[in-house]
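New to this one? Here is a quick walk through the fold, starting with the whole chain and then picking out a few pieces.

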Amino acid sequence: MKFIKNHLMFILPLMAILLGIEFYLVFDRTTDSYEKGLKEGYTMFVVSKKPMTFNDFKALNAHIASSEKIKREAVVSDIVKGINNSNKKEILKALPYFYNIGLDSYLHTSELDKIKNDLESSNDIQRVETFGSSYSSAYRLFSFIKFTLKLFIGFMGVVSLLLIIKQMEIWKYAHKRRMQVMEIFGAPLMLRSGVLFKVAIADAIVATFITAMIFLYIKFEWAAKSGIDIMMKNQEDLFRLSDLAVLLGSALIIVLISVYSVVFSSSGVEE
């Protein structure tokens, strides 16, 4: 029972870190599609004195990814009702040209202001409307959620790492006698600590396996039945084979840091 408890005291904090890493990977992938939707749904409105091409806009700012010309007839359709064709042509001739401008990514509001300034620096452009208020609100909410998640994962990671190091110190004292004997026979420090490395690496593999199983269950069983729209739409992003390598690599790095910190924090095994 004590054996299981000692290993759980190591595996559970390590799983907390791995769950945090995997949650971040999943969040990053799922929000990437959401961010793409926000980017595709956002356009600037540009009024120009003369017809302009996509290359004309692109030359003004590299973030511009598309331009769509708005038919002037559609803009003044209500105004020209009942007006004869000759007057209608005169009104259309006097009108400027209208464009919807798309961007290549979901940018900070300061970047929007820069794009606006770049566009308005052209003598051919009369006005640029960025709809910055609604964009800024969505962008800040999105950024706040991402920042909060990173902060929480970082805090949880630090606390869990301290618990892992504490458990490693307990293991060091549990194997004190064996390490003392090896020290008497002149075994180098790393060889004396070999048992700590073996136990830590074995538990790292167990923690990685359990974490992967949890997310595989979420992906193939829970997500489809959850009724949560974003989970059902992004089911494939909930766990990927490459995540297993990331989790295992992270777990091994964490346990190696923990073992090294314990081994080198003392000059030898205490009496």
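## A first look around

The chain folds into eleven helices and four strands. Keep in mind that this is a predicted model. Of its 271 residues, 37% count as buried. The exposed surface of the chain comes to about 16300 Å², and 63% of that is supplied by carbon and sulfur atoms. As for who touches whom, take the contacts with a separation of 6 or more: 81% of them are between residues 24 or more positions apart.

Now for the sheet. The four strands make an open sheet, lined up in the order β2-β3-β1-β4, with antiparallel pairing. The edge places go to β2 (64-70) and β4 (125-129); each has a single partner strand, so one side of each has no neighbour in the sheet. Going from one strand to the next, the twist averages 25 degrees. Strands in a sheet are held in pairs by backbone hydrogen bonds, in a parallel or an antiparallel way. Zoom in on β1 (residues 44-48), and you'll see that it pairs with β4 in the antiparallel sense over four bridges. Across that pair, V46 sits opposite V128 in β4.

Next come the helices. Here are two of them, with their end-to-end spans beside the expected ones:

| Helix | Residues | Length | C-alpha span, first to last | Expected span at 1.5 Å a residue |
|---|---|---|---|---|
| α5 | 109-120 | twelve residues | 17 Å | 16 Å |
| α9 | 194-226 | 33 residues | 45 Å | 48 Å |

For α5, the two spans agree. This helix also has some residues tucked away: T109, L112, I115, D118 and L119 are buried.

In α9, the span is close to the expected one, though the helix isn't straight throughout: it bends by about 40 degrees at I218. Right after α9 comes G227, with a positive phi near 80 degrees.

One last stop is L163, which has its place in helix α6 (residues 132-174). Is L163 buried or partly exposed? Its relative accessibility is 47%, and since buried means under 20% and exposed means over 50%, L163 counts as partly exposed. And which residue lies 149 residues away from L163 in sequence, but 8.8 Å away in space? That's L14, with the distance taken from C-alpha to C-alpha.

Technical notes. Residues numbered from 1 in each chain as written. Predicted model: local features only at pLDDT ≥ 70, side-chain atom pairs only at ≥ 80, totals over all residues. Heavy atoms only, no water. Buried < 20%, exposed > 50% of the residue type's maximum accessible area, 1.4 Å probe, protein only. Contact = heavy atoms within 4.5 Å. Areas by Shrake-Rupley, 256 points an atom, 1.4 Å probe, with all protein chains shown as cover. Pairing = 2+ DSSP bridges. Axes fitted to C-alpha atoms, helices over the stretch in contact; angles between N-to-C directions. Expected span 1.5 Å × (residues − 1). Bend = angle between axes of the 7 residues up to and from the residue.
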